[in-house]
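Here are my notes on this one, written as numbered points so you can follow along with the structure open. Take them one at a time and find each spot as you read.

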Amino acid sequence: MKHVLSIAGTDPSGGAGAAADCKTICAHGCFALNTITAVVAQNTQGVREYMDVPPSLIAAQLDAVFEDIPVHAVKIGMVSVPETIRVIAAKIAQYKPPFTVVDPVMVATGGQRLLAPEAERVLQEELIPGATLLTPNIPEAEVLVRRPISTLDDMETAARMIAAMGAKAVLIKGGHRIEDATDILYDGTQCHYFPGKHIESTGTHGTGCSLSSAVAANLARGLSLTAAVKEAKTYVFRGICHAPAIGKGHGPIHHFYDLYHTVGWE
């Protein structure tokens with residue numbers, strides 16, 4: 001069994017952050033490890049409050065994992081302040097896991113910036129260069145390249161520009177597109193298209209967390225990058241299609257639909 005480490009914030013409603021990461025990792029047959037970067041009071045209706053974990057405690061969590069258990073892939077999510085980003089980047093450089101998937105949580109669903117300019121700069125300079133794969137959505141990619149993204153050609157250009165910042169590969173997620181939900185992966189050499197369609201569903205909480213964790217688990221299991229992304233996209237799509245009715249707002253995807261379907265628990 002492969003071991004995949006989630007570095008993320010909490011979600012007491014279970015749909016995003018470390019909770020979604022661990023469910024996704026387990027759904028892919030891997031053992032889930034986690035390091036908490038922030039304690040977040042949120043539910044299906046939004047974020048109420050959060051508190052960053054002190055950098056020294058983040059470092060201690062990471063040391064506790066890496067010094068004891070082989071880590072085959074890492075997924076990094078919520079990193080809200082420069083100090084958090086720096087300590088994680090330093091530990092990734094120290095322990096050198098085989099794969100590091102970074103989901104840059106920079107822009108809220110409502111369009112609000114979640115990172116201060118200083119944190120954005122540190123993310124770009126210290127964390128992105130260590131990424132095997134960076135998975136921004138379109139608004140986050142727009143922040144990184146400082147230009148609007150409207151077309152598929154724009155997405156391709158942005159992916160190449162972000163890769164030039166040091167990431168080995170970049171997946172720009174197309175969920176914010178109106179025409180479709182096509183994702184574009186730039187693997188450092190060429191672009192690969194992953195077509196998708198929009199689904200009328202409120203079960204979309206934590207989709208970015210789940211997708212990046214699925215890619216990390218797939219890479220840990222030995223899949224190629226393109227296959228890892230393709231299977232992760234299918235996993236999230238099926239999870240949205242069969243999302244359980246949980247909460248009063250945007251609920252979680254069904255992280256274990258395939259398992260429940262197999263044993264007749266639908």
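1. Let's start with the largest cavity. Its lining draws most heavily on α4, which supplies three residues. Keep in mind as you look that this is a predicted model. Two elements give two or more residues to the lining of this cavity: α4 (117-127) and α5 (138-145).

2. Which residues line the largest cavity? They are Met-106, Glu-120, Arg-121, Gln-124, Val-143, Leu-144 and Arg-146. Sort that lining by class and you get three nonpolar, one polar and three charged residues. The volume of the largest cavity comes out at about 40 Å³. If you go hunting for others, a search of the whole structure turns up one cavity of 30 Å³ or more. As for how such a search works, rolling a probe the size of a water molecule over the atoms shows where empty space is left.

3. Stay with α4 and look across to α3. These two helices pack with their axes 9 Å apart, at an angle of about 10 degrees. Angles under 35 degrees count as roughly parallel, so α3 is roughly parallel to α4. On the α3 side the contact is made by Pro-82, Ile-85, Arg-86, Ile-88 and Ala-89. On the α4 side you'll find Glu-118, Ala-119, Arg-121, Val-122, Leu-123, Glu-126 and Leu-127. By class, the contact of α3 with α4 has eight nonpolar residues, no polar ones and four charged ones. Notice that Arg-121 touches α3 here and also turns up in the lining of the largest cavity.

4. Now turn to α2 (residues 55-66), which packs with α3 (residues 82-95) at an angle of about 20 degrees, the axes again being 9 Å apart. With that angle, α2 and α3 are therefore roughly parallel to each other. Their crossing is right-handed.

5. What makes the contact between α2 and α3? From α2 come Pro-55, Ile-58, Ala-59, Leu-62, Asp-63 and Phe-66, and from α3 come Glu-83, Thr-84, Val-87, Ile-88, Lys-91 and Tyr-95. The split by class is eight nonpolar, one polar and three charged. Have a look at Ile-88 while you're there: this residue of α3 is in the contact with α2 and also in the contact with α4.

6. Another helix pair worth finding is α1 (residues 17-27) with α7 (residues 207-220). Their axes come within 8 Å and cross at roughly 40 degrees, and α1 and α7 are therefore oblique to each other. α1 passes α7 in a right-handed crossing. In this pair, Gly-17, Ala-20, Asp-21, Thr-24 and Ile-25 of α1 meet Cys-209, Ser-210, Ser-213 and Ala-214 of α7. By class, this contact of α1 with α7 has four nonpolar, four polar and one charged residues.

7. Last stop, the second largest pocket, with a volume of about 260 Å³. How many residues line this pocket? The lining has 15 residues, and Ala-27, His-28, Glu-231, Tyr-235 and Asp-258 are the ones nearest its centre. The elements giving two or more residues to this lining are α8 (225-241) and α9 (257-263). α8 gives the most, with five residues. By class, the lining of the second largest pocket has five nonpolar, six polar and four charged residues.

Technical notes
Residues are numbered from 1 along each chain as its sequence is written. This is a predicted model: local features need pLDDT of at least 70, side-chain atom pairs count only at pLDDT 80 or more; totals for chains, interfaces and linings use all residues. Side-chain values use heavy atoms; hydrogens and water are left out. Axes are lines fitted to C-alpha atoms, for helices over the stretch in contact, and angles run from 0 to 180 degrees between N-to-C directions. Helices (H or I, at least four residues) and strands (E, at least two) are DSSP runs, numbered from the N terminus. Angles under 35 degrees count as roughly parallel, over 145 as roughly antiparallel, 65 to 115 as roughly perpendicular and the rest as oblique. A crossing is left-handed if the near helix is turned anticlockwise from the far one by less than a right angle, and right-handed if clockwise. Contact means heavy atoms within 4.5 Å. Ala, Val, Leu, Ile, Met, Phe, Trp, Tyr, Cys and Pro count as nonpolar, Asp, Glu, Lys and Arg as charged, and the others, Gly among them, as polar. On a 1 Å grid over the protein atoms alone, a cavity is a set of points where a 1.4 Å probe fits but cannot get out, and a pocket is an open set with protein on both sides within 12 Å along at least five of seven lines; lining residues have an atom within 4 Å of a point. Grid points are joined across faces, edges and corners, and a volume is the space filled by probe spheres set on the points.
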